[in-house]
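Open the structure in your viewer and keep the selection tool at hand. This tour goes stop by stop, telling you what to select and what is there.

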Amino acid sequence: MPTKYDQVLYPTSPRKEAHPERLATIAHLAGLETAPLGACRVLELGCGDGGNVIPIAWDYPGSRFVGVDLAELPLAAARKFSEQLGLSNIEFQQGDLTTWSAPGSEFDYILVHGVFSWVPPAVRAGILRICQQHLAPQGVAFISYNSLPGCYFRKFIWDMLRFHTRGIDDPEEKVASAREFAEKAIGALDDKGHPGVIRSELKELLERHESVVFHDDLAGINEPFYVEEFTALAQQHGLQYLGDADPVREHGLPYQVSTEDRGKERQYADFATARRFRETLLCREGLALAPSIELPRLLNLWVSSKAAPAPEQEDGTQTFTLAQDRSLSTNHPVAKALLLAAGKAWPEMIRANSLPLPGLDPAADLDCVVRLMMTGALEFRLEPPHVNGVSARPCASGLVRAQLALGKHDVTSQRHCFVNLGDEMARRLVALLDGTRDHTEIAAALVECMDSPNLREGLPEKLETSLRMLANLSLLTA
Ligand SMILES: C[S@@+](CC[C@H](N)C(=O)[O-])C[C@H]1O[C@@H](n2cnc3c(N)ncnc32)[C@H](O)[C@@H]1O
């Protein structure tokens with residue numbers, strides 16, 4: 001029977017948090033060594049049209065991938081795309097997670113993004129049962145869900161918009177009506193009765209893709225969980241909390257907890273930050289996990305930073321621009337040195353053991369590194385991505401060129417992020433970057449495909465800027 005996901009396609013995309021590399025890195029920090037990424041087995045539940053799992057399968061031809069979903073239409077799109085890419089290491093199965101199983105199969109990584117909160121309890125139980133039955137002994141499962149208390153504010157909006165649009169069956173009309181109402185509500189809700197967060201949530205909703213509003217915000221089932229509740233459900237299926245794919249910013253806790261109380265600490269952190277989404281990693285109960293991050297384990301990894309420094313101020317404070325329009329100001333000499341060292345190498349990674357740590361007080365070094373990691377200013381990985389700066393003969397990743405050749409404008413970076421190449425010139429440029437041309441040859445080839453003389457003006461400089469931008473987006477491999 002066709003589902004709502006057959007009626008309106010959900011735009012899936014690569015999510016770096018839901019990449020086995022991220023799972024392996026966090027497992028390593030907890031003392032769990034997982035299967036190597038080049039030879040592992042990955043299962044994605046509720047994979048939709050494969051926007052997350054297909055690029056991973058491309059990157060690791062020696063690994064095996066299975067995607068499962070109930071809806072046929074997105075699965076057909078997933079099969080078509082993976083066939084077009086010539087992938088032979090991935091298969092898609094139609095199945096209901098309530099009952100689906102793969103007798104005799106084991107998976108090193110199980111990914112379930114954007115499903116758990118939007119399905120009935122029997123399907124949630126099915127997801128946890130599949131993890132219990134099919135996770136390898138050292139395997140890691142990723143399950144994302146809407147979380148409390150942050151979603152109380154969002155629930156206000158979901159209830160209001162569902163109330164407003166009840167009785168409208170046509171998806172397009174329903175979304176249009178919800179958006180129109182949200183726009184009016186932004187202007188009408190007063191500050192006395194409503195916290196400002198309601199208005200900012202409404203603004204975010206207006207920026208989301210129509211299909212996402214339909215499936216996520218207007219969904220009949222949309223159940224947020226406290227992390228403590230989620231962890232208890234997982235425990236009923238023989239699974240334990242391993243970590244979170246997006247670091248938990250445990251600042252400003254109004255309550256001191258002992259190291260034995262990690263569960264409580266997590267819950268208090270979510271109260272303190274009004275956390276609204278979690279991407280929790282689980283492993284089998286009984287595995288011994290390190291209670292906290294140890295410096296030697298961190299220094300085994302690779303590190304990078306997108307931090308771009310502004311000039312240092314007189315008092316020694318320096319501001320660094322980070323990813324996603326965020327910034328960080330610090331006068332801590334070690335923090336500044338770490339960000340400068342890792343930021344200089346971007347988009348490439350450096351060995352974490354080459355970071356300029358004073359080494360006089362390992363606890364202070366660890367604290368500084370962990371704080372920078374938790375804010376997302378430093379990114380650690382077990383395996384560096386295959387990326388390059390701008391070389392003499394630049395080369396864009398094979399996947400990106402294949403995606404463009406198939407007429408797609410949304411491509412996948414080497415860091416498993418979604419990049420929209422909406423600009424035709426950018427797409428033409430990337431298509432030329434196959435590693436055979438030097439900069440002069442690329443400029444000449446671009447001129448040939450440009451009709452307007454305006455576009456040709458200042459081309460050599462524009463080309464250098466564009467190449468740097470593509471490298472910064474982690475789209476170049478050589
Ligand atoms: C919101 S989409 C998320 C898709 C993708 N994982 C992502 O995050 O972009 C939820 C997916 O779960 C699938 N799904 C819902 N209920 C299911 C069930 N009972 N069995 C299998 N798949 C299901 C839907 O068909 C849909 O593709």
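**Stop 1: helix H2**

Select the buried residues of H2: Pro20, Glu21, Arg22, Leu23, Ala24, Thr25, Ile26, Ala27 and Leu29. Here a residue is buried if 20 or more other C-beta atoms lie within 10 Å of its own, exposed if 12 or fewer, and partly exposed in between, with C-beta atoms placed from the backbone. Helix H2 spans residues 20-29 and is mostly covered, with nine of its 10 residues buried. Helices (H or I, at least four residues) and strands (E, at least two) are DSSP runs, numbered from the N terminus. Now step to Gly31, which follows H2 and has a positive phi, near 90°.

Two notes before you move on. This is a predicted model: local features need pLDDT of at least 70, side-chain atom pairs count only at pLDDT 80 or more, and totals for chains, interfaces and linings use all residues. Residues are numbered from 1 along each chain as its sequence is written.

**Stop 2: the domains**

Colour by domain. The assignment gives domain 1 (4-148 + 224-284), domain 2 (151-217), domain 3 (295-381) and domain 4 (398-472). These bounds come from an automatic or database domain assignment. Set a distance between domain 2 and domain 4: their C-alpha centres lie 38 Å apart.

**Stop 3: the seven-stranded sheet**

Select S3-S2-S1-S4-S5-S7-S6, in that order: these seven strands form an open sheet with mixed pairing. Which strands stand at the edges? They are strand S3 (90-94) and strand S6 (239-244); each has a single partner strand, so one side of each is left without a neighbour in the sheet. Neighbouring strands of this sheet are turned by 20° against each other on average, direction ignored. The axes behind that angle are lines fitted to C-alpha atoms, for helices over the stretch in contact, and angles run from 0 to 180 degrees between N-to-C directions.

Zoom in on S6. Five bridges join S6 to strand S7 (residues 277-284), and the two run antiparallel. Two strands pair if DSSP finds at least two bridges between them. Click Gln240, and you will find Cys283 of S7 opposite.

**Stop 4: Ala71**

Go to the loop between strand S2 (64-69) and helix H4 (72-84), where Ala71 is found. Ala71 counts as partly exposed because 19 C-beta neighbours lie inside 10 Å. Leaving aside neighbours within four places in sequence, Ala71 is in contact with Thr3, Tyr5 and Asp6. Contact means C-beta atoms, placed from the backbone, within 7 Å. Add Gly95 to the selection: Ala71 and Gly95 are 24 residues apart in sequence and 8.3 Å apart in space, C-alpha to C-alpha.

**Stop 5: the ligand shell**

How many residues surround the ligand? There are 21, and the closest are Thr12, Gly46, Gly48, Leu70 and Gly114. A residue counts as near if its C-beta atom, placed from the backbone, lies within 6 Å. By class, the shell has 11 nonpolar, eight polar and two charged residues. Ala, Val, Leu, Ile, Met, Phe, Trp, Tyr, Cys and Pro count as nonpolar, Asp, Glu, Lys and Arg as charged, and the others, Gly among them, as polar.

**Stop 6: Arg297**

Select helix H12 (residues 295-299) and pick out Arg297. Arg297 is partly exposed, with 15 other C-beta atoms within 10 Å. Beyond its neighbours within four places in sequence, Arg297 is in contact with His28 and Leu29. Arg297 and Thr34 are 263 residues apart in sequence and 14 Å apart in space, C-alpha to C-alpha.

**Stop 7: the S10-S11 hairpin**

Select strand S10 (residues 318-321) and strand S11 (residues 327-330): four bridges join them, and they run antiparallel. The hairpin has five residues between its strands, and Gln324 in the turn has a positive phi of about 50°. Thr321 has Ser327 in S11 as its bridge partner.

Show the side chains of S10. Gln318 and Phe320 point to one face and are buried, while Thr319 and Thr321 point to the other and are not. Strand S9 (residues 308-309) joins S10 by two bridges, running antiparallel. Ala308 stands opposite Thr321 in S10.

**Last stop: the three-stranded sheet**

Select S12-S8-S13, an open sheet of three strands with antiparallel pairing. Strand S12 (350-351) and strand S13 (379-381) stand at the edges, each with a single partner strand, so one side of each is left without a neighbour in the sheet. Strand S8 (residues 302-304) pairs with S13 over three bridges. Finish on Val303, whose bridge partner in S13 is Phe380.

Conventions: Two residues are in contact if their C-beta atoms, placed from the backbone, lie within 7 Å.
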